[in-house]
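Open the model in your viewer and keep the sequence panel visible. The tour below goes stop by stop, with a selection to make at each one.

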Amino acid sequence: MKGVEWLRNYINERGIDAKIIEVRKASTVKEAAEELGCSKRQIIKSIVLTAEKKTIIAIVDGTSSVDLKRVEELVGGNVRFVGREEVLHLTGFRAGGVPPIGHDCKVILDERVLKNEKVYGGGGDDKHLLMISPSEILRDGAIVARIRK
């Protein structure tokens with residue numbers, strides 16, 4: 001299983017401009033925004049999907065939800081949300097702690113996330129958040145598309 005230390009090592013090894021922040025609790029967008037005193041649009045969600053044995057991470061801001069039809073158009077197949085247990089199996093992270101970087105699968109970043117200079121996403125578990133710029137998420141291999149409803 002991956003976690004905060006794995007993420008910290010990943011960031012350091014690749015020279016990614018990001019910071020892991022410890023919080024009391026951040027398992028929901030509302031909790032994370034309250035902990036940091038920021039807008040829900042600055043919180044990002046890494047939603048784990050699957051399409052015919054392919055894992056996909058869809059990243060949207062805290063006020064948006066993923067439009068499966070748009071993702072299906074991008075990947076060319078049926079897409080579904082995965083359950084909590086599948087999240088751990090497919091990503092190595094528990095649900096609620098999945099970061100926006102460090103994945104060996106397709107990562108799609110919703111275009112609206114780019115409007116933020118810094119965003120806060122999963123930091124490896126529900127007590128850590130990752131502060132990162134959207135450009136660093138792209139540098140780590142994400143593609144940009146409109147995937148929100």
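Select helix α2, residues 29-36, together with β2 and β7, which are among the elements that cover the buried residues of α2. This is a predicted model, so read each stop as a description of a prediction. Within α2, colour Val29, Ala32 and Ala33, which are buried. Why do they lie on the same side of α2? They cover an arc of only 95 degrees around the axis, and that places them on the same side of the helix. Now add Lys30 and Glu34: these two are exposed, on the other side of α2. Step just past the end of α2 to Gly37, where phi is positive, at about 65 degrees.

Next, go back towards the N terminus and select α1, residues 4-14. Which of its residues are buried? Val4, Leu7, Tyr10 and Ile11 are. Their arc around the axis is only 125 degrees, which puts these four on the same side of α1. To see what covers them, show β1 (18-22), β6 and β7 (128-132), which are included in that cover. Turn α1 over to the face directed away from its buried side, and the exposed residues Asn12 and Glu13 come into view. α1 is followed by Gly15, which has a positive phi near 65 degrees.

Now move to the sheet. Select β4, β2, β3, β5 and β8, which form an open sheet in that order, with mixed pairing. β4 (80-81) and β8 are at the edges; each has a single partner strand, so one side of each has no neighbour in the sheet.

Stay in the sheet and centre on β5, residues 106-110. Is this strand mostly covered or mostly open? It is mostly covered, since four of the five residues of β5 are buried under the 20% relative accessibility cut-off. β5 runs parallel to β3 (residues 54-61), and four bridges join the two. β5 also runs parallel to β8 (residues 143-145), here with three bridges. Pick Leu109 to follow the pairing across: Ile59 stands opposite Leu109, and Leu109 in turn stands opposite Val144 in β8. One place earlier on the strand, Ile108 stands opposite Ile143 in β8.

For the next stop, select Glu72, which lies in helix α3, residues 68-75. Glu72 has 17% relative accessibility and therefore counts as buried, the limit being under 20%. Leaving out residues up to four places away in sequence, Glu72 touches Gly77, Asn78 and Val79. Draw a distance from the C-alpha atom of Glu72 to that of Ala33, a residue from the opening stop: the separation is 30 Å, with the two positions 39 residues apart along the chain.

Finish at the largest pocket, which holds about 710 Å³ of space. It is lined by 34 residues, and those closest to its centre are Arg94, Ala95, Gly96, Gly97 and Val98, so select these to find the spot. Which elements supply at least two residues each to the lining? They are α2, β2 (44-51), α4 (84-91) and β6 (119-122). β2 makes the largest contribution, with five residues. Colour the lining by class and it divides into 17 nonpolar, 10 polar and seven charged residues.

Note on methods. Residues numbered from 1 in each chain as written. Predicted model: local features only at pLDDT ≥ 70, side-chain atom pairs only at ≥ 80, totals over all residues. Heavy atoms only, no water. 1 Å grid on protein atoms, 1.4 Å probe; cavity = no way out; pocket = protein on both sides within 12 Å on 5 of 7 lines; lining within 4 Å. Points joined across faces, edges and corners; volume = space filled by probe spheres on them. Nonpolar A, V, L, I, M, F, W, Y, C, P; charged D, E, K, R; others polar. Buried < 20%, exposed > 50% of the residue type's maximum accessible area, 1.4 Å probe, protein only. Arc of directions from axis to C-beta. Contact = heavy atoms within 4.5 Å. Pairing = 2+ DSSP bridges.
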